[in-house]
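This briefing covers a few strands and an enclosed space in one protein model. Please look at the structure first, then work through the points by topic.

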Amino acid sequence: MEIVYVYTKKRNEFGRQCNFSDRSAELHVDILPDPSLAVNFIERDPCDVPIQCTQEMSEHEVNTERFESDTRGINHVEGGWPKDVNPHEMEQTIRFRKKVEKDENYISTVMQLGNNMEHCIKQNNAIDIYREYFEEEEVVEESEVQPSAKTINVFRDPNEVKRTASSLSWHPDGSRKLAVAYSSLEFQKVSKDMSLNSYIWDIENPNKPEMTLKPVSPLVCLEYNPKDCHILVGGSYNGQIAYWDTRKGSQPVEMSTIEHSHRDPVYRVIWLQSKTGTDTFSASTDGQVLWWDIRKMSEPTERLILDPNKKGNLDNALGAISLEFETTMPTKFMVGTEQGLVVSCNRKAKTPAEKIVCMYSGHHGPIYALQRNPFFPKNFLTVADWTARIWSEDIKESSIMWTKYHTAYLSDGSWSPVRPSVFFTIKMDGTLDVWDFLFKQNDPTLSVKVCDEALNSLRVQDNGHFLACGSQLGTVTLLEISSGLCTLQKNEKALATAMFERETKREKILEARHREMRLKERSRSEQSKEEDTKEGDGEESPEELITRIEKDFYEIVEAELKKRDKGEEKKVRLILNSFTGLRVVRGSLRVVKGSSKIVKGFTNKGGGPDSTL
């Protein structure tokens with residue numbers, strides 16, 4: 001119950017009414033300071049006056065020593081697999097187990113551990129760890145959380161001259177570390193004061209990098225070895241390939257020779273799936289894809305020139321700027337080029353010409369990102385110019401899905417490793433876009449303004465919860481994605497499969513229709529060409545025209561001569577018919593030119609002997 005007490009008062013008890021007016025200030029009294037009173041006070045300089053809501057207490061100050069923390073790591077290998085044994089290879093693990101079981105100390109150690117193991121087993125038997133204590137309670141469904149992303153940490157280039165964060169790579173174990181390659185990608189913008197170093201950061205300590213990598217040329221790309229987390233391989237601006245072992249310091253362990261390296265900056269380097277875990281391959285804008293074994297970096301183990309004519313001509317090669325390799329397809333790889341083409345290659349082909357299988361065309365500029373969907377490897381994502389496109393391997397003429405054309409240029413992109421329908425793109429205006437094509441196709445599900453400068457690189461953590469964005473001024477922003485965007489939804493795989501199949505079928509129908517229309521146009525053009533050829537065949541050359549005219553002339557002259565001969569013969573017949581009693585015996589008459597005599601024999605009508613006239 002609220003207690004209210006109302007105070008009432010008459011208007012005439014308020015006093016005189018206040019009337020305010022807008023006028024300038026007037027000085028009525030000016031009291032000068034009294035110097036004699038200054039001896040009663042102590043001057044304070046500086047003078048701090050704190051204001052608190054709580055009661056003022058006496059002032060106390062304590063000076064403590066500053067404690068500087070330092071993060072150090074220890075490589076612990078006891079109890080794990082040896083360095084030369086790959087735990088993912090079944091043959092190696094079985095061979096190592098057999099070797100250990102033959103050791104005498106192995107049996108005694110197992111016998112000593114038997115008592116402890118028996119105690120633990122008895123505990124498990126006494127307590128049912130799978131018992132449900134709250135079966136009767138209703139399961140409360142989680143409410144749908146709006147998609148969001150929040151900044152966790154920011155890692156800045158520690159040098160005075162800022163460089164672009166050109167490549168990012170997460171540590172394969174636990175993703176507690178992030179390797180960042182720094183280089184200036186602007187043409188002829190490298191200054192003498194610019195540092196060549198790249199760094200490995202601990203994501204919980206943004207103040208100081210955990211380790212410095214010191215290459216001979218700025219690193220454009222950098223990648224952790226998925227089988228050995230201490231080894232990194234990097235591609236330099238001058239075209240060389242180098243690898244580091246974090247246990248051996250900041251200097252590269254080995255580098256490729258200049259004469260056998262790339263001629264342009266190495267934009268992408270990827271580790272291959274092999275038993276040794278030492279194979280990698282790189283791509284550069286010089287039009288080459290080179291395969292390396294880090295145990296022997298003197299020259300590449302294999303070379304492919306991206307000549308679209310399949311002649312191996314380096315002058316006509318397409319500049320490679322992105323690479324894609326899926327471990328489930330060890331012989332296939334894809335290359336994104338500066339010309340906006342995606343080149344599909346087969347490494348195990350017999351000849352260099354057969355290694356280039358096909359090409360996909362659909363972009364207007366360099367393809368900065370190329371990645372297969374981790375759930376559906378037949379579908380891959382490309383990011384270039386002002387749009388991102390999703391392709392199917394079965395359709396080469398066109399992509400099956402694409403985003404709208406943005407006003408800002410797109411610089412990188414990646415699929416979500418945990419959700420098949422989600423992918424990320426970054427733009428030159430500093431914006432990160434999160435797309436979920438099952439939820440919305442025309443616009444991004446989430447758009448976040450990460451920073452004010454242009455974003456250049458993007459990398460998503462393996463568990464999908466964190467992603468890092470590198471900017472043009474060397475700032476790497478670590479973002480945490482909301483749970484809805486990194487948790488597999490119900491029936492998401494089936495829905496994504498249905499959408500991919502539907503869009504692929506639609507593009508196939510459109511492709512067949514376009515092919516039919518092209519055939520019709522081709523037949524029409526060929527028909528018109530034939531008609532033009534016929535019309536062109538009717539036109540005669542000057543030589544042929546002269547020959548034909550001469551032939552016609554002589555035919556006309558001959559015809560006129562024949563007509564004249566027939567006219568002379570007709571005149572002779574008329575002369576003969578004028579002689580009465582004469583009959584022509586023979587059918588041919590010879591008229592002697594210039595003579596009026598008839599030299600052939602004629603007979604009279606009575607049938608007497610011949611008489612010559």
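**An open sheet and other features**

In this predicted model, 4 strands form an open sheet in the order E22-E23-E24-E25, with antiparallel pairing. Strand E22 (410–415) and strand E25 (446–449) are at the edges with a single partner strand each, so one side of each has no neighbour in the sheet. On average, neighbouring strands of this sheet are turned by 15° against each other, direction ignored.

**Pairing inside the open sheet**

- Strands of a sheet pair through backbone hydrogen bonds, in either a parallel or an antiparallel way.
- Strand E23 (residues 422–427) pairs with strand E24 (residues 431–436) in the antiparallel sense, over 5 bridges.
- Opposite Thr425 stands Asp433 in E24.

**Strands E14 and E15**

- Strand E14 (residues 320–324) is mostly covered, with 5 of its 5 residues buried.
- E14 pairs with strand E15 (residues 332–337) in the antiparallel sense, over 4 bridges.
- Ala320 has Thr337 in E15 as its bridge partner.

**Cavities**

- Rolling a probe the size of a water molecule over the atoms shows where empty space is left.
- Searching the whole structure gives 2 cavities of 30 Å³ or more.
- The second largest cavity holds about 30 Å³ of space.
- Its lining consists of Leu272, Phe281, Trp291, Phe325, Pro330, Thr331, Lys332, Phe333 and Arg347.
- By type, the lining residues of the second largest cavity are 6 nonpolar, 1 polar and 2 charged.

Conventions: Residues are numbered from 1 along each chain as its sequence is written. This is a predicted model: local features need pLDDT of at least 70, side-chain atom pairs count only at pLDDT 80 or more; totals for chains, interfaces and linings use all residues. Side-chain values use heavy atoms; hydrogens and water are left out. On a 1 Å grid over the protein atoms alone, a cavity is a set of points where a 1.4 Å probe fits but cannot get out, and a pocket is an open set with protein on both sides within 12 Å along at least five of seven lines; lining residues have an atom within 4 Å of a point. Grid points are joined across faces, edges and corners, and a volume is the space filled by probe spheres set on the points. Ala, Val, Leu, Ile, Met, Phe, Trp, Tyr, Cys and Pro count as nonpolar, Asp, Glu, Lys and Arg as charged, and the others, Gly among them, as polar. Two strands pair if DSSP finds at least two bridges between them. Helices (H or I, at least four residues) and strands (E, at least two) are DSSP runs, numbered from the N terminus. Axes are lines fitted to C-alpha atoms, for helices over the stretch in contact, and angles run from 0 to 180 degrees between N-to-C directions. Buried means under 20% relative accessible area, exposed over 50%, partly exposed in between (1.4 Å probe, protein chains only).
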